[in-house]
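Thank you all for making the time this morning. Please have the sequence and the coordinates open, since I will be moving between individual residues and whole sheets as I speak.

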Amino acid sequence: MDNNINGVKAELEKLGFSFVDETTAYGRVPERGDINGYYIHVTIELNNFPLSQPSITLVKINGKDDLYRRIPINWRHLDEIININPKLSVFKICCLHNWSAKREYNGKYIYERIYDWLNSNVTSQWNPEEDLPSFRVLPQYTNSRLYLSDYFIAKLRENKPKILYQCNVYHEPYKFKSGAKASLQKQGEKYELTDIDFEKNFYHYIPDMPQEQKFEIIKKLRLGDKCAKSHFFVLRLPRHSRFKTFYQLLTIIRDNINIKNLSQEMKNIPFIVMYTGDKGKDEVVSFITNRGYVDGKSDYLVQPLAIESFSNRPIGVDLTVGLLGVGSLGSEVASLLVKKDTRKILLSDFDFLRADNIGRHVLGARYLGNKKSIALANELKINFFKFNALTAVTDEEAAEKADILVVTVGNNQSFDQLAFNKLWHYKKPVIWAWTSPNNILQEIVITTPSSGCLNCYYEKIKTDPVLKQIQQNAKDEIKKYPSEEVDVCGNPHTISQMERMVFLATQIVSILSYYSKHGKFKFDYVNYYWGMDDIIPTPHFGYLEAHPSCFCQGG
């Protein structure tokens, strides 16, 4: 590593750079002359080189260091690390994309990448492979988070430009640098910005949006009952507003928006601002500034808030899926279907969460004694904001309303009751899934009106040589290991390997996803055989026709 960095240092020195310490180089780009009237000075930090990407800081433009006002508004791929005083912001040049420790990534390469970055900004001609999305203002290194939704952004987009709107935003009570804590009876904007300790404390800001249930849930989970409230100003800038630095943004707001008549009780001024960003896309930034900025009586002071948004993702599985049985396997299937953004999930299970289920089920101990289907629906709704996607129903309701059923009931008697009674002449697809002790053999059977039935599969096992051998191998492997664990009351419970249970759930969801896209299945059954020490199972799949000895009406 020492030889690598010494070689890089020598190359940079040949290009006119000097080292201000062991790992930090300072120099001019281009080395001589300018590019359309522009030249820059930068520092290159080689800490932990070449394993870590060099950090490149813009220091001067054309010999001037007042970058906060001097950076051209159309320059891109430049990150601002914001200090409380925007005049002291540090600007990082982003030109070493996809860095790795390669021999060719040497001092000359680093210099050329900086040169290309400057040339692209000056000429507005970018290499498409390097022209990644770039934000005008991207707050970094802040402990404060504002949570927004697509709905909030859409309403903000409808606001008239240059008009100040207000919204209430909840957050943790402020803590001060003195060690004191703010009163819940006093609005958050009535404290001096410089008194609030943002460095040692984390603050989460949640808009008051009663029409959005997710915000009420986040407020309750994140803030609890003892939370503070601040008035935020919401502003959309005209599309012609142009800036690059935070200082330039603050100047546009102060000089073009009527903010000087705000109540004198406001000691800090929180903003949510929308503007036209890179390539004409809307961007949103949030920050809290000082009263002196509004009145024009002091330097700009600002506390940036990082924005995190809740996106409305497109439907991933465009089906209404009925799950009959939401135990160890079924609950994993339900959880994955939620994460796949399934249109609708119907959960049916008459059983209650027992002590032996804990650690083998998506639900945790706080749901002990609750009905599995209802508790699971509520848990997934809250955790993933799927308020209209999950419903606890009966078997009959699930069969009637679902486009496809998934049966994962763990009790053999219940399984057969569904297969040979309730769903015997069912006209929609059914995915049947079960597993052996220790998940040594996992089986999925898909029945449709044009295929054989579950009984046809049982008969096929008796005659198909491959299936017979898989079943025999599984029986032999199962005998080698304990199959049950007995609790203190003497009740036996089948032993499961949960990583294999999760695997089986992923296969079921993959089948559902394929069916949602193509309206058909790639096979009618699949077996996964695991030796006890196997990391990857051996699959076997095939097609299921009506068996001659079966009275079903399958194809």
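I will go from the domain division to the two sheets, and then to a few individual residues. Please keep in mind throughout that this is a predicted model.

Let me begin with the overall division. The protein chain is split into domain 1, covering 2-123, domain 2, covering 144-309, and domain 3, covering 317-553. Between the C-alpha centres of domain 1 and domain 3 the separation is 57 Å.

I turn now to the barrel. Seven strands make up a closed barrel in the order β7-β9-β8-β10-β11-β12-β13, and the pairing within this barrel is mixed. On average, and ignoring direction, neighbouring strands of this sheet are turned by 35° against each other. Strand β7, residues 144-149, pairs with strand β13, residues 302-310, in the parallel sense and over five bridges, and within that pairing Tyr147 has Glu308 of β13 as its bridge partner. Helix α4, residues 150-158, packs on this sheet, where the helix touches β7, β8, β9, β10, β11, β12 and β13, and its direction makes about 80° with that of β7. Helix α5, residues 213-223, also packs on the sheet, touching β7, β8, β9 and β13, with a direction that makes about 155° with that of β9.

It is worth staying with α4 for a moment. Which residues of α4 are buried? They are Phe152, Ile153 and Leu156, and because these buried residues fall within an arc of 95° when one looks down the axis of α4, they line one face of the helix. The strands against which the buried residues of α4 pack are β7, β8, β9, β10, β11 and β12.

Within the barrel, β9 deserves a closer look. Five of the five residues of β9 are buried, so this strand is largely enclosed by the rest of the structure. In a regular strand, the side chains alternate between the two faces of the sheet. In β9 both faces are covered, with Tyr203, Tyr205 and Pro207 buried on one side, and His204 and Ile206 buried on the other. As for the partners of this strand, β7 and β9 pair in the parallel sense over three bridges, with Leu146 having Tyr205 in β9 as its bridge partner, whereas β8 and β9 run antiparallel and are joined by two bridges, with Tyr170 standing opposite Ile206 in β9.

The other sheet I would like to describe is an open one. Eight strands form it, in the order β16-β15-β14-β17-β18-β19-β22-β23, and here too the pairing is mixed. At the edges stand β16, residues 390-392, and β23, residues 538-542, and since each has a single partner strand, one side of each is left without a neighbour in the sheet. From one strand to the next, the twist averages 15°. Strand β14, residues 317-324, and strand β17, residues 404-407, pair in the parallel sense over four bridges, and Leu323 stands opposite Val406 in β17. Two helices complete this part of the picture. Helix α13, residues 465-479, lies across β19, β22 and β23, and runs at about 35° to β22, while helix α14, residues 498-518, lies across β14, β17, β18, β19 and β22, and runs at about 20° to β19.

Next comes a single side chain, that of Gln248, which is placed in helix α6, residues 246-256. Is Gln248 buried or exposed? With a relative accessibility of 11%, Gln248 counts as buried, because that value is under the 20% cut-off. A polar atom of the Gln248 side chain lies 3.0 Å from the backbone oxygen of Ile71. When neighbours within four places in sequence are left aside, Gln248 is in contact with Tyr68, Arg69, Arg70, Ile71, Ile73 and Phe243.

I will finish with some backbone details. Val29 and Pro30 are joined by a cis peptide bond, with omega at about -5°, and Pro30 is in the loop between β2 and β3. A cis peptide bond also joins Phe49 and Pro50, where omega is about 5°, and Pro50 lies in the loop between β3 and β4. In the loop between β3 and β4 we also find Asn48, whose phi is near 60°, a positive value in a residue other than glycine. Asn438, which is not a glycine either, has a positive phi of about 60°; Asn438 lies in the loop between β18 and β19, and is buried, with a relative accessible area of 2%.

How values were computed
Residues numbered from 1 in each chain as written. Predicted model: local features only at pLDDT ≥ 70, side-chain atom pairs only at ≥ 80, totals over all residues. Heavy atoms only, no water. Buried < 20%, exposed > 50% of the residue type's maximum accessible area, 1.4 Å probe, protein only. Polar contact = N/O pair within 3.5 Å; in protein donor to acceptor, adjacent residues only side chain to side chain. Contact = heavy atoms within 4.5 Å. Domains from an automatic or database assignment. Pairing = 2+ DSSP bridges. Axes fitted to C-alpha atoms, helices over the stretch in contact; angles between N-to-C directions. Arc of directions from axis to C-beta.
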